[in-house]
Amino acid sequence: QVQLVESGGGLVQPGGSLRLSCVASGSIFGMHAMGWYRQAPGKQRELVATITSGGSTNYADFVKGRFTISADNAKNTAYLQMDSLKPEDTAVYYCDATIGTAVPGLRRRYWGQGTQVTVSS
């Protein structure tokens, strides 16, 4: 089994910054990709950013230039640096990871429990 644990959320004023972390642990047979998603009240979960084990990144248009995703493959950890935060960034942020299993070629996707980010003055 694999567990993902997010941390770093909290309350921040508009224009401020936060850094989220996501640590994966357990039976990990290679990390394929990690990502961050968010879900605001009454809205569907949406992609924020993803990063592959090779370092390729993808961002939602609404965070380009403000958020930066990175990863430490040796530590099975992903980060999301969030700058210039806006009230509309308020949401629960979830980490996901696509991880190899003991079966060659088989990957599974896991989700963390989420961390609340609130942007308000």
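Among contacts in the protein chain between residues at least 6 apart in sequence, what percentage join residues at least 24 apart? In the predicted model examined here, the figure is 55%. The chain that makes these contacts contains 11 strands and 0 helices, and when the elements are read along the sequence they give the pattern β-β-β-β-β-β-β-β-β-β-β.

The overall dimensions were considered next. For 121 residues, a compact globule would be expected to have a radius of gyration near 14 Å, and the value computed for the protein chain, 14 Å, agrees with that expectation. Along the principal axes, the C-alpha atoms occupy a box of roughly 50 × 25 × 25 Å. Of the 121 residues, 41% count as buried, while the accessible surface of the chain amounts to about 6,400 Å², with 48% of that area belonging to carbon and sulfur atoms.

The charged side chains were then examined. The protein chain carries 11 positive and 8 negative side chains, and the centres of these two sets are 4 Å apart. Side chains of opposite charge can pair when their charged atoms come close. A search of the whole structure for such pairs finds 5 salt bridges, and several of them are described below.

One of the salt bridges links the side chains of R38 and E46, with a distance of 2.8 Å from N to O. The two partners fall into separate classes of accessibility: R38, with a relative accessible area of 6%, is buried because this value is under the 20% cut-off, whereas E46, with a relative accessible area of 31%, is partly exposed. Another salt bridge is formed between the side chains of K64 and D61, where the N to O distance is 3.1 Å; in this pair, both K64 and D61 are exposed.

A further salt bridge joins D89 to R66, and the closest N and O atoms of this pair are 2.7 Å apart. D89 is located in the loop between strand 8 (77-82) and strand 9 (91-100), and R66 in the loop between strand 6 (57-59) and strand 7 (67-72), so the pair ties together parts of the chain that are 23 residues apart in sequence. D89 is buried, with a relative accessible area of 1%, and R66 also counts as buried, at 11% relative accessibility. Through salt bridges that share partners, R38, E46, R66 and D89 are joined into one network.

The loop between strand 8 and strand 9 also holds E88, which counts as exposed at 55% relative accessibility. Between the C-alpha atoms of E88 and I28 the distance in space is 35 Å, and these two residues are 60 residues apart in sequence.

Backbone geometry was considered last. S84, which is likewise found in the loop between strand 8 and strand 9, has a phi near 50°, a positive value in a residue other than glycine. With a relative accessible area of 40%, S84 is partly exposed, because this value lies between the 20% and 50% cut-offs that separate buried from exposed residues. For N76, which is placed in the loop between strand 7 and strand 8, phi is near 50° and thus positive, and N76 is a residue other than glycine.

Terms used: Residues numbered from 1 in each chain as written. Predicted model: local features only at pLDDT ≥ 70, side-chain atom pairs only at ≥ 80, totals over all residues. Heavy atoms only, no water. Salt bridge = Lys/Arg side-chain N within 4 Å of Asp/Glu carboxyl O. Buried < 20%, exposed > 50% of the residue type's maximum accessible area, 1.4 Å probe, protein only. Helix = DSSP H or I, 4+ residues; strand = E, 2+ residues; numbered from the N terminus. Rg over C-alpha atoms; globule rule 2.2 N^0.38 Å. Contact = heavy atoms within 4.5 Å. Areas by Shrake-Rupley, 256 points an atom, 1.4 Å probe, with all protein chains shown as cover. Lys, Arg positive; Asp, Glu negative; His and termini not counted. Charge placed at Lys NZ, Arg CZ, Asp CG, Glu CD.
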